[in-house]
Amino acid sequence: MALATERSSPARQSALFVGALLLVFGLAFVSRIAMLGAPPIYDELYQLVPALSYHAGEGFSVLDGTYDRASDFTRLIAASFDLTGEPSWWAARLIPSVLPGVLLVVAIFAWAWHVDRRGTAVIVAVFLILWPNGIEVSQYIRFYALHGLLFVLATMAVYAVFEEARTVAIRVGLLLGAGILLAAAYRLQMLTLLGAGALGLWVAMAYGPRWLREIPWVKWAVLAAVVVVGGVLASGVLNDTLGWLWTTYRWEPWPASGDTTFYHRDFRDNYPTFWPLFPVAALIALRVNFKPAFFCLVLFAVCFVLQTFGGLKNIRYLYPVMPFLFVIWGIALRAVISAVFGWLIETSREAVSPLVAERWVRPVAWSGIVVALAFAFFANAAFVRSVGLIAGLNDGELLGKVRWQWRSAEEVVTPWLERGALVVTTEEMRAVEWLGDYDVGFNRPRFSELLYSLGPDTQAFAADFRTGRPLTGDVGDIERLIACHPVGVVLADAPWARSGNALRLREAAQLSGAEAVLSRHDGMAMLGWEREGGAIGCNALAELEGSAAERILSGARQPQTLSSAKAER
């Protein structure tokens, strides 16, 4: 009987593991679908509109421009439209983002179980399921969830090459797989280079000293590599490439802030219980299970530091390495939780025994522990926010950005278009979404992106390669446009109506002799001007080829919005 039990134990363990995977998959999936049918935020339109064009057989076009960044992901969105039967917001999110986001949770859970213990995997799963950035990125119509999954799978393959593979064939296969995954991740996001660098540093730190001691030719190989790299750098052959990489690493759109505490503040505010104690957790994890803990620590710490001193800042940029922070905490908590919990129970009993009768000591003590743990849990804004996201209580925002909707745009703007209005917008893709076209973009941060892409000598009203339309970032240029065009509108998100630029442009229109109207309509703000007579001065912009008004009214350009009815079906 004992022998039969022993023989059946691996089968039971396998069944438990598979059951746990299915449970985690289900919980992760449920936690990441509350906002599937919500309207897109502005950034999502950069992937959604090209996907609609690609689905219609028109390439990655946006008006007369092209947006082909992460084109593989755009193709995936278009394919998901085919698989689900029609273009919709939920279809654009379900397969391209939700599924990769869920699979990342499952993959990290399985890996934590494999490299440490079941308790660690359970703790990590709780962190991942209640991870607000993970929940939001998994419902974001951009490539970050897929990129995170590809990168995490690649790191697991690299770890297996050095820690688990026993044959050359397996090592070669794993390295090939890791290379393919990293290449695919790089096609989506250049930040893959930072993660690849962290992997290389881990290999050097974990195995370099031993290789140098035990393998004689490694010393000569390292010396040769240093000589070759030094020679190439001294030759200046890579100066342009290295300069471009450094500029890209340090660049940020207007207004540049040079903020080097962004990520620290985010972790401090969202995980006040865990972030200050992270160094302690890392020490405990290294003591308990050095190899996976060191691997996770190097990946997370290197990427955290590199991102901290880089130019662009957004918490979603740490999405691929955040799971390794959770694994470190999982290992540490699993190691200390039984001892700490036992001490907590004993302490709680002793604390309440002078206050209550003997028969009430146990229940009151347990109640105190529950209250204390609940307090510690809800003191972390990340967990509280995750509960709200899972329940769909804050679907009006995503990643800190409002889902502005210009539902009244066609009704409000059409009378102006019929009078030949020039269409200027601060939100170019939003105008494409709700009207189908515009004449001139007015957005300083995006014009700074144009300066980065085309060079610092780029002039105002240069064509934005993303849309083919003129773009400027200077309000003075729009004042000159107002003087040049007797009828026009400036369209923006609703808060713009109270901005200094809106008031300045209204005054400029009035000074030109025009009647100016500044109004708000649902989520849209509009400044409209109209005056008798022609242009006062047109030295601001070369003559436009046609007009958005003509293209919209003729039906040559159609709104690129998706109805909520379709999304909710």
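**Figure 1. Lining of the largest cavity in the predicted model.** The largest cavity is lined by His147, Phe151, Leu191, Thr192, Leu194, Gly195, Cys303, Gln307, Tyr317, Pro320 and Val321. Three elements give two or more residues each to this lining, namely helix 7 (144-163), helix 9 (192-214) and helix 14 (290-308). Helix 9 makes the greatest contribution, with 3 residues. The volume of the largest cavity is about 90 Å³, and the structure holds 3 cavities of 30 Å³ or more. The structure shown here and in the other views is a predicted model.

**Figure 2. The second largest pocket and the helices around it.** This pocket has a volume of about 780 Å³. It is lined by 22 residues, and those closest to its centre are Thr273, Phe274, Leu333, Ile337 and Leu373. At least two lining residues come from each of helix 5 (118-129), helix 13 (278-288), helix 15 (322-352) and helix 16 (358-378). Of the elements that line the second largest pocket, helix 15 gives the most, with 8 residues.

**Figure 3. Ile284 and its contacts.** Ile284 belongs to helix 13, one of the helices that supply residues to the lining of the second largest pocket. When neighbours within four places in sequence are set aside, Ile284 is in contact with Ala332, Ala335 and Val336. Is Ile284 buried, partly exposed or exposed? Ile284 counts as partly exposed because its relative accessible area is 27%, a value that falls between the limits of 20% for buried and 50% for exposed residues. Outside the close-up, Glu550 may be used as a distant reference point: Ile284 and Glu550 are 266 residues apart in sequence, and their C-alpha atoms are 68 Å apart in space.

**Figure 4. The cis peptide bond between Trp254 and Pro255.** Trp254 and Pro255 are joined by a cis peptide bond, for which omega is about -5 degrees. Pro255 is located in the loop that connects helix 11 (239-250) with helix 12 (262-270).

**Figure 5. Leu63, a residue with positive phi.** Leu63 is not a glycine, yet its phi is positive, near 55 degrees. The residue is placed in the loop between strand 1 (61-62) and strand 2 (65-66). Its relative accessibility is 12%; Leu63 therefore counts as buried, since the limit for a buried residue is under 20%.

**Figure 6. Phe461, a further residue with positive phi.** Phi of Phe461 is positive, at about 70 degrees, although this residue is not a glycine. Where in the chain does Phe461 lie? Phe461 is in the loop between helix 20 (444-454) and strand 7 (462-463). With a relative accessible area of 11%, Phe461 is buried.

**Figure 7. The whole protein, as a setting for the close-up views.** The protein has 24 helices and 11 strands. Its C-alpha trace spans about 95 × 75 × 45 Å along the principal axes. Of its 569 residues, 49% count as buried. Among contacts between residues at least 6 apart in sequence, 76% join residues at least 24 apart. The accessible surface of the protein amounts to about 26,800 Å², and 64% of this surface belongs to carbon and sulfur atoms. There are 46 positive and 48 negative side chains, and the centres of these two sets lie 12 Å apart.

Notes. Residues are numbered from 1 along each chain as its sequence is written. This is a predicted model: local features need pLDDT of at least 70, side-chain atom pairs count only at pLDDT 80 or more; totals for chains, interfaces and linings use all residues. Side-chain values use heavy atoms; hydrogens and water are left out. Helices (H or I, at least four residues) and strands (E, at least two) are DSSP runs, numbered from the N terminus. Buried means under 20% relative accessible area, exposed over 50%, partly exposed in between (1.4 Å probe, protein chains only). Contact means heavy atoms within 4.5 Å. Accessible areas come from the Shrake-Rupley method with a 1.4 Å probe; for residues, only the protein chains shown count as cover. Lys and Arg count as positive and Asp and Glu as negative; His and the chain ends are not counted. The place of a charge is taken as NZ of Lys, CZ of Arg, CG of Asp or CD of Glu. On a 1 Å grid over the protein atoms alone, a cavity is a set of points where a 1.4 Å probe fits but cannot get out, and a pocket is an open set with protein on both sides within 12 Å along at least five of seven lines; lining residues have an atom within 4 Å of a point. Grid points are joined across faces, edges and corners, and a volume is the space filled by probe spheres set on the points.
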